[in-house]
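Q: How should the packing of helices be read from a set of coordinates? Please work through an example.

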Amino acid sequence: MSDFAQAGLICTLQRLNDAHLARIEAELAALARARPIALVLPCHGRDLEQPAFARVLEELSAATFLHEIVLSMNAVAPAVREALPARLAALPQKVTLLDNDGEPVGKGRNVRAAFAHLATAGECAIIATQDCDVASFRRVDLARLCYAVAHPQLGYRFAKMYYSRVTDRLYGRVSRLFLAPLLHAVVRVAGHQPLVDFLLSFRYPLAGEVALTRELAAELPVSSGWGLEIGQLCEVFRRVDPREVCQVDGGTGYDHKHQPAATALAGMAAEIVRELFTQLAAEGLPNDGAFHAAIAAAYRREADHALRRSANLALINGLSFDEAAEREMLAGFARQLESL
């Protein structure tokens, strides 16, 4: 059972039991009649051919609380694109397909195109996003996320999901070995900053699942690439009272696509840190070589602490943990910082 402690600047809505899940879906369907909900599925073409996407479609076929689904795609093979209407025909919701090939490509472009479509042509008051590569997707988790924005008593304008990235081992390496110690390194070098404290309030800031009001979605700039989630949170910080922001427990066993190659993860980290430094500069912090060097040095110390905590967490839970591989990955993250 999840605890109910509250820490940081935003409210955390833990999942304390399963008894409420059927009620949540029924209530949300009723609420959505007055404030319709749209779901954005940002998707790379290769994800459309994976079993996880089929699971997402199967679950969404019973999501009566959704009015519209926007599949916003890039790099889709012609044969896969041609087969999509038949695959989506079983969905009871209105379905919109957006093709977004061009520059820049990627998830950020897909989200930006979907938000623009829903802001101008959509009928929905609430917009949610859901990654398409989640093999364990459950519509009840999406319902809880949307409920936080849809229910008038809760009154949130922005909600972000968090979940455990663990199977027989710990995943979420970019989050726990790079972003979390990086933010603590910024605090070590520059002291507590309102933006950094806000980011540290999120248990999984890199999660792709959010729900927000249509008005907020229309005014949010959307970063490209792997900087999308951090850029989005920074813009929410500037536009929304923290009392109108929450994070929602998405449960355990969340089986997300894992990036196997250290080089792929290092590339993700490079885009994230560039976005973060740009956002910090907008808050008045330096964006020069001396500041970057100080952060990189502090990061190595904070990352060592993060690695030790991960090893201890794996040990006490009887999980597999390859410390040498994790330390090598940490070193790659550090090199990305030192190369800026």
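A: Phe53, Ala54 and Leu57 in α2 meet Leu84, Arg87 and Leu88 in α3, where contact means heavy atoms within 4.5 Å. Helices are DSSP runs of H or I with at least four residues, strands are runs of E with at least two, and both are numbered from the N terminus. By class, the contact of α2 with α3 has five nonpolar, no polar and one charged residues; Ala, Val, Leu, Ile, Met, Phe, Trp, Tyr, Cys and Pro count as nonpolar, Asp, Glu, Lys and Arg as charged, and the others, Gly among them, as polar. The model is predicted: local features need pLDDT of at least 70, side-chain atom pairs count only at pLDDT 80 or more, and totals for chains, interfaces and linings use all residues. Residues are numbered from 1 along each chain as its sequence is written, and side-chain values use heavy atoms, with hydrogens and water left out.

Q: Which residues of helix α3 are buried?

A: An α-helix has 3.6 residues a turn, so residues three or four places apart point the same way. In α3 (residues 78-88), the buried residues (under 20% relative accessible area, 1.4 Å probe, protein chains only) are Val80, Leu84 and Leu88. They fall within an arc of 65 degrees, taken from the directions from the helix axis to the C-beta atoms, so they line one face of the helix. On the other side, Pro78, Ala79, Glu82 and Ala86 are exposed, that is, over 50%.

Q: What do the buried residues of α3 pack against?

A: They pack against α2 (51-60), β3 (68-74) and β4 (94-99).
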